[in-house]
Amino acid sequence: MRLQLGRKICIVISSASLAKIILKDNDAIFANHDVLATSKILLYGGIDIVFSPNGPQWRKMRKIFVHQLMSNASLDACYALRQQGVREMVKDVHSKAGSPIDISEQMFIMVLNITMSMVWGAPLLGEERNSIGPEFRRLVKEVVELASTPNISDFFPVLAPFDLQGIESKTKKILLWFDQMFESVIAGRMKVNGKGKNKDLLQFLLELRHQEDDGSTPCLSMDEIKALFMDILLAATDTSATTVEWTMTEMLRHPAKMRRAREEIEEVVGNQNIVEESHLPKLIYLDAVIKETLRLHPTVPFLVPRNPSKDCCIAGYTIPQGSKILINLWKIQRDPEVWENPLEFEPERFLKEPEKGDYHGNFFYFLPFGSGRRICAGLPLAERMMKYVLATLLHSFEWEIPIEVELDVSERFGIVMKKMNPLVAIPIPRLATLGQSY
Ligand code: HEM
């Protein structure tokens, strides 16, 4: 489908074969993400990983992130931070046992804490958890909404200086809040001469900054450090929280499947232990449940839209340089040619045909993390965190739906596909004796 919006041509790709031609066969041409007026403001001019065009800047930023945080060795080394984040969350949920809780909100704060610990060594504790956490979430929600609102400045760049919808000025206010937080964290570390006790990402970046390449220019500017922080915190929180919320929704709608997932966890973990990441590779059914959720409810339903870097011809159609290409995962991942009963929640399909569960960008009917060189850079962390937290939620609690709540799957499309009505569920502790272990 092709739409002309102002000066911008938008093309929606809804078949796996075309997605492959774009994301694999022409990966180099389509390796730029579409940069919105809001992303430029929020990401310090677009010098981050998500919005840098394919080139040396993008390679530098992505390399730092992947090497420092996403290698197996780095992820193993900071397992204690994930453990602490998940345990804090369980304690918090225990304290609300019997009352309805907003699952996505709970998950958001947990993921935020884990990522903040990985990035600068300090989670939100005590009062901060109740003040900064919700404010952070409110602002991320606003960012996602602003970025999902069609902006005249993007379609008629000549009108951008007038900011007719006020989107840019709202984004600048949000940037200010984040920027002050980043400045204060960085200044705090510099006060101790960059000698934090943890070997976290901030520590590494400050050290890297002082390894000057030509004796005068730091390898990394302060804006680059802040843009990296922004990418990580924004890309990790809403996506992971929303995916856990959809997975819990589908399990609550299918109690037999939730029972099967819990039985598997009990068999692997036992009732006298708490879930550890070492248990995760054995949780095959839970893995299938997560994949089936990502198939039916792709968290980033159109990927991050791409721009071709030059005019090109795809399947006989000319695609001009700079067009906005959306890959419609929602449609592709429900294609009846490949998925039997495509609208049904059937995790068992991935047990029968495990090859269809490859989400590393090679099977073009299932691309929840994208494909090619711009594939999600946080995939290794996302898959560990989601499985770990879901296993823990099922192992520690029974979940009930408040009587007045209808469990629905209405979707709200945007950059991140949220539930129209947030999932509210009541936790009932299962393993009373284990409560103290958290
Ligand atoms: C369930 C969780 C997540 C989902 C579904 C998800 C999905 C995606 C998708 C679809 C893209 C665009 C890929 C493309 O254009 O082909 C992306 C990009 C990205 N994601 Fe994720 N993501 C998740 C979690 C995370 C986490 C936890 C982090 C970081 C800690 C992260 C960091 C990034 C970054 C930095 C990019 C930009 C990569 C680039 O442009 O080179 N994501 N993600």
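These legends go with close-up views of the ligand site and of Asp-27 in a predicted model. Residues count from 1 along each chain as its sequence is written, and side-chain values use heavy atoms, with hydrogens and water left out. Local features need pLDDT of at least 70 and side-chain atom pairs count only at pLDDT 80 or more, while totals for chains, interfaces and linings use all residues.

**View 1. Who sits around the ligand.** The shell holds 27 residues, each with a heavy atom within 4 Å of the ligand. His-33, Trp-58, Arg-62, Arg-306 and Cys-376 come nearest. By type, we get 17 nonpolar, 7 polar and 3 charged residues; here Ala, Val, Leu, Ile, Met, Phe, Trp, Tyr, Cys and Pro are nonpolar, Asp, Glu, Lys and Arg charged, and the others, Gly among them, polar.

**View 2. Helices lining the ligand.** α3 (56-70), α11 (222-253) and α16 (379-396) each chip in at least two shell residues. The largest share, 4 residues, is down to α11. Helices are DSSP runs of H or I, at least four residues, and strands are runs of E, at least two, numbered from the N terminus.

**View 3. Ligand oxygens and their partners.** Arg-306 puts a polar side-chain atom 2.6 Å from a ligand oxygen, and Arg-62 has one 2.8 Å from a ligand oxygen. Ser-371 joins in with a backbone N or O atom, 3.3 Å from an oxygen of the ligand.

**View 4. Asp-27 in its loop.** Asp-27 lies in the loop between α1 (16-25) and β3 (32-33). Asp-27 counts as buried because its relative accessibility is 13%, and buried means under 20% relative accessible area (1.4 Å probe, protein chains only). Leaving out residues up to four places away in sequence, Asp-27 touches Ile-22, Gly-372 and Arg-373, with contact meaning heavy atoms within 4.5 Å. The Asp-27 and Arg-373 side chains also share a polar contact of 3.1 Å (N or O atoms within 3.5 Å, one able to donate a hydrogen and the other to accept it within protein; residues adjacent in sequence count only if both atoms are side-chain atoms).

Terms used. Buried < 20%, exposed > 50% of the residue type's maximum accessible area, 1.4 Å probe, protein only.
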